[in-house]
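Work through the following exercises with the sequence and the 3D structure open, and attempt each task before reading its solution.

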Amino acid sequence: MVYTVTFNPAIDYVVHTEKITLGATNRSQSEEMYFGGKGINVSVVLKELGIASKALGFTAGFTGEAIEKGLSAMGIDTDFVRLEKGNSRINVKIKSAEETEINGQGPHIDDKAIEALFEKLDALADGDTLILAGSIPSSLPSDIYQRILERLSGKNIKAVVDATKDLLLNVLRYKPFLVKPNNYELGEMFGVELATDEDIERYARRLREMGAANVLVSMAGDGAMLIDEFGKMHRCGVCKGTVKNSVGAGDSMVAGFTAGSLNGDYEYALKLGTAAGGATAFSDGLASKEKIEELLKTL
C-alpha cells in the first residue's frame, strides 16, 4: 500500500485573466478549483496510473471538509486528522501575463494532532511505501520528517522524500528508498553550483553515499537523472510540449517513478516519472492517464 502525507492541504483557486491591474477591480476569464498539497497531488496521479494510495495529513474547518469530500469523490482513500480549530487554506493562483501565487498559512497543528497522525502511521506494514513531500508548516516541529522515519525505522517501509536542504539531508540516515531534489536544490545542499551533468552525477552519488537508495534529480528543460540503488546512472530527456502549468509537475514525477518502480525496473520508472511530470506541465491541472501514456511513447 502507498501512503502519502500532506501536512497543509489546500483548495487551489486558479484564476485566469488577461491582465492584472494593481489597485483596481480585475475580472477573471475563467476559474478552476483543485484539491492541492504535494502529497495529495501524488495520490491523484497515482490514481490515474492505477495505483491505490491512502492520503494522510491534517484538515480543518469547512475547507477541510470540502477537500476530504472532493478527494473521496475522485476515488482516493483518505484518513486525515481533523483539527479542532481553524480552516484548511485556500491558495490563489493567478494566471495572467505572468503567473502569481498567494498561498494561505493554514491552521495551527498542536501536539495532540501530531500524535494522532503518528498513530495512523503506526498502521504501516512491511512492504508499504510512505511519501513525504513538501515544506513543513510553521506550527510543526522542524524535525517532523526525522521523527516519522525514526518511528517507522523498525519496519521495512519504502520512504520517498521530496524535500529541500536540511529536511532532506537529515533523513538520509534512515536510508530512504527515494529522494528527489532538482539540480538547483542539489547544489544548495552542498553549497556548490552545478553546471554540467558530471557535476550533478557527482553530488547525486554523494546523497547515495549518505544513505539514499535511489536519487532522482529533476533538471527542468534538461530532463532528469537517476542514480539507482545499484549505483547505475540513468538519463532521460525532457518531454516536448507547451508548458501550461507549473504546479504539481514534481509531485507527478514522484508518483510516476513510484508506480514505475514497483516491478524494480528503474529505467522504466524514470521514463514514467518524466512522462507524468510532463503531462502535468502540459495540462491545466494534474496529469491524466491518457496524457502520460501519450508522452511515455516519445521517451
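**Exercise 1.** Determine the handedness of the crossing of α6 and α7, and state which residues of α6 and α7 make the contact.

*Solution.* In this predicted model, the crossing of α6 and α7 is left-handed. Helix α6 covers residues 183–190 and helix α7 covers residues 197–209, and the two pack at an angle of about 65 degrees with their axes 10 Å apart. Because angles of 65 to 115 degrees count as roughly perpendicular, α6 is described as roughly perpendicular to α7. On the side of α6, the contact is made by Asn-183, Leu-186, Met-189 and Phe-190, while α7 contributes Ile-200, Tyr-203, Ala-204, Arg-206 and Leu-207. Sorted by character, the residues of this contact of α6 with α7 comprise 7 nonpolar, 1 polar and 1 charged.

**Exercise 2.** Decide how α8 and α9 are oriented to each other, and describe the residues of their contact by character.

*Solution.* Begin with the geometry: helix α8 (residues 249–260) and helix α9 (residues 266–281) pack at an angle of about 150 degrees, and their axes lie 7 Å apart. Since an angle over 145 degrees counts as roughly antiparallel, α8 and α9 are roughly antiparallel to each other. The crossing in which α8 passes α9 is right-handed. Among the residues that make the contact are Met-253, Gly-256 and Phe-257 of α8, together with Leu-270, Gly-273 and Ala-276 of α9. The contact of α8 with α9 divides into 10 nonpolar and 7 polar residues, with no charged residue.

**Exercise 3.** Explain why strand β9 is largely enclosed by the rest of the structure, and identify the strands to which bridges join β9.

*Solution.* Strand β9 spans residues 129–133, and 5 of its 5 residues are buried, so the strand is largely enclosed by the rest of the structure. In a regular strand, side chains alternate between the two faces of the sheet. Taking each side in turn, Thr-129, Ile-131 and Ala-133 are buried on one side of β9, and Leu-130 and Leu-132 are buried on the other, so that both faces are covered. Strand β1 (residues 2–6) runs parallel to β9 and is joined to it by 4 bridges, with Val-2 having Thr-129 as its bridge partner. Strand β10 (residues 158–162) also runs parallel to β9, to which 5 bridges join it, and here Ala-133 stands opposite Asp-162.

**Exercise 4.** Give the strand order of the open sheet of 4 strands, and name its edge strands.

*Solution.* The order is β3-β2-β7-β8, with mixed pairing. Its edge strands, each pairing on one side only, are β3 (30–36) and β8 (99–102). Strand β7 (residues 89–95) runs antiparallel to β8 and is joined to it by 4 bridges, and Lys-95 stands opposite Glu-99 in β8.

How values were computed
Residues are numbered from 1 along each chain as its sequence is written. This is a predicted model: local features need pLDDT of at least 70, side-chain atom pairs count only at pLDDT 80 or more; totals for chains, interfaces and linings use all residues. Side-chain values use heavy atoms; hydrogens and water are left out. Two strands pair if DSSP finds at least two bridges between them. Axes are lines fitted to C-alpha atoms, for helices over the stretch in contact, and angles run from 0 to 180 degrees between N-to-C directions. Angles under 35 degrees count as roughly parallel, over 145 as roughly antiparallel, 65 to 115 as roughly perpendicular and the rest as oblique. A crossing is left-handed if the near helix is turned anticlockwise from the far one by less than a right angle, and right-handed if clockwise. Contact means heavy atoms within 4.5 Å. Ala, Val, Leu, Ile, Met, Phe, Trp, Tyr, Cys and Pro count as nonpolar, Asp, Glu, Lys and Arg as charged, and the others, Gly among them, as polar. Buried means under 20% relative accessible area, exposed over 50%, partly exposed in between (1.4 Å probe, protein chains only).
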